[in-house]
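Visitor: Could you take me on a close look at one part of this molecule, the rings and helices around its aromatic residues? I am in my first year, so please go step by step.

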Amino acid sequence: MGGISLSILFQYFRAIPLWIPIRWNGLFLAINGVMVAVLVKERDEANRMAPWQRNLFETDFKSMGFTEVEFCRLLETSKRLKKAKNAMICIEGVPQDKMYFVLSGEIEVQSKVPNETSSRTIAMIESNSFIGEMTYLTHLQESSERPSAEVATASCVCSKDTEVLEWNFSDLTTYLQQPANRGVANALQAKLSNDLRLKLKKLNRRQSTNNSE
């Protein structure tokens with residue numbers, strides 16, 4: 001912007017001002033001014049995060065490469081919801097088009113027993129964990145020619161009153177595919193992959209314990 005401003009001065013203080021370059025440079029200066037205003041606004045909003053947002057960022061998302069601005073952008077695409085005890089988050093075998101992040105509470109993951117009508121609990125998901133991230137990653141890898149709706153591989157039930165963040169697959173994907181949000185997309189995929197790794201580690205530990213018993 002400083003260079004453009006000096007260029008305008010140089011083009012104006014001539015025997016005959018160069019009005020066409022001055023107008024173009026004035027347009028470029030205005031565009032850059034708007035972008036600076038947007039960046040300042042985003043940083044200001046990031047610096048004024050609510051206490052629960054700040055705590056979530058510092059304890060769970062910062063280490064995955066998110067900046068404060070990228071974290072706020074991700075939250076803007078979500079809905080903060082409260083789920084009552086026994087509420088179903090997703091149902092095994094039913095198309096799933098939403099991903100969740102548990103803020104507080106506990107989720108029971110259930111899977112159907114082969115050749116039986118009953119289900120068994122295979123895992124417990126506590127706060128600061130995603131639900132439906134594997135389904136969402138599969139959704140991302142699909143080609144545009146295939147159906148976008150993925151089927152849930154297990155049922156998730158709230159074992160107590162629970163608060164979650166909710167993302168719609170299509171809306172989140174559209175948002176992440178924008179060039180300005182590449183940093184958010186990379187950080188989110190790293191976060192989802194790490195969350196899956198921790199879940200698999202916990203599941204293997206639980207299976208080992210059950211086998212030893």
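**Rings, helices and their meeting points**

Guide: Let's start with a ring and a charge: the charged end of Arg80 sits over the ring of Trp52, and its distance from the ring's centre is 4.1 Å. Before we go further, please keep in mind that this is a predicted model.

A second ring has a similar kind of partner. Lys191 lies over the face of Phe61, 5.4 Å from the ring centre.

Now let's turn to rings that meet other rings. A pair of aromatic rings is described by two things, the distance of the centres and the angle of the planes. Searching the whole structure gives 11 aromatic pairs. One of these is formed by Phe57 and Phe71, with 5.4 Å from centre to centre and 45° between the planes, and it is tilted. This pair links distant parts of the chain: Phe57 belongs to helix 3 (residues 51-61) and Phe71 to helix 4 (residues 68-76), and the two are 14 residues apart. Both Phe57 and Phe71 are buried.

Phe61, which we met under Lys191, has a ring partner too. The centres of the Phe61 and Phe66 rings are 5.3 Å apart and their planes stand at 75°, so this pair is edge-to-face. Why edge-to-face? Because planes over 60 degrees apart count that way, and the planes here are at 75°. Phe61 and Phe66 are both buried.

If you follow the ring pairs onward, a cluster appears. Phe57, Phe61, Phe66, Phe71, Phe101, Phe130 and Trp167 are linked into it by ring pairs.

Next come the helices that carry some of these rings. Two packed helices are described by the angle between their axes and the distance between the axes. For helix 3 and helix 4, the axes come within 11 Å and cross at roughly 115°. The two helices are therefore roughly perpendicular to each other, and the crossing is right-handed. On the helix 3 side, the contact is made by Gln53, Arg54, Leu56, Phe57 and Phe61. On the helix 4 side, Glu68, Phe71, Leu74 and Leu75 take part. Notice that Phe57 and Phe71, our tilted pair, are both on this list of contact residues.

Helix 4 also meets helix 2 (residues 19-47). Their axes come within 9 Å and cross at roughly 85°, so helix 2 and helix 4 are roughly perpendicular to each other. Helix 2 brings Glu42, Arg43, Glu45, Ala46 and Asn47 to this contact, while helix 4 brings Glu68, Val69, Cys72, Arg73 and Glu76. Glu68 of helix 4 therefore has a place in the contact with helix 3 and in the contact with helix 2, as you can check in the view.

Let's follow helix 2 to its meeting with helix 1 (residues 2-12). The axes of these two helices come within 9 Å and cross at roughly 160°. That makes helix 1 roughly antiparallel to helix 2, and their crossing is left-handed. Helix 1 contributes Ile4, Ser5, Ser7, Ile8, Gln11 and Tyr12, and among the residues they meet in helix 2 are Trp19, Ile22, Phe28 and Leu29.

Leu29 deserves a short stop. Leu29 is partly exposed, because its relative accessible area is 24%. Not counting residues up to four places away in sequence, Leu29 touches Met1, Ile4, Ser5 and Ile8. Ala46, which we saw in the contact with helix 4, is 17 residues from Leu29 in sequence and 26 Å from it in space, C-alpha to C-alpha.

Our last stop goes back to the ring cluster. Phe130, a member of that cluster, is in contact with Leu192. Leu192 is found in helix 7 (residues 182-212) and counts as buried, because its relative accessibility is 0%. Leaving aside neighbours within four places in sequence, the other contacts of Leu192 are Met99, Glu133, Tyr136 and Leu137. Gln53, one of the helix 3 residues in the contact with helix 4, lies 139 residues from Leu192 in sequence, and the two are 18 Å apart in space, C-alpha to C-alpha.

Conventions: Residues numbered from 1 in each chain as written. Predicted model: local features only at pLDDT ≥ 70, side-chain atom pairs only at ≥ 80, totals over all residues. Heavy atoms only, no water. Phe/Tyr/Trp six-rings, centres within 6.5 Å; stacked < 30°, edge-to-face > 60°. Helix = DSSP H or I, 4+ residues; strand = E, 2+ residues; numbered from the N terminus. Buried < 20%, exposed > 50% of the residue type's maximum accessible area, 1.4 Å probe, protein only. Lys NZ or Arg CZ within 6 Å of the ring centre and 35° of its normal. Axes fitted to C-alpha atoms, helices over the stretch in contact; angles between N-to-C directions. Parallel < 35°, antiparallel > 145°, perpendicular 65-115°, else oblique. Left-handed = near helix turned anticlockwise from the far one by under 90°. Contact = heavy atoms within 4.5 Å.
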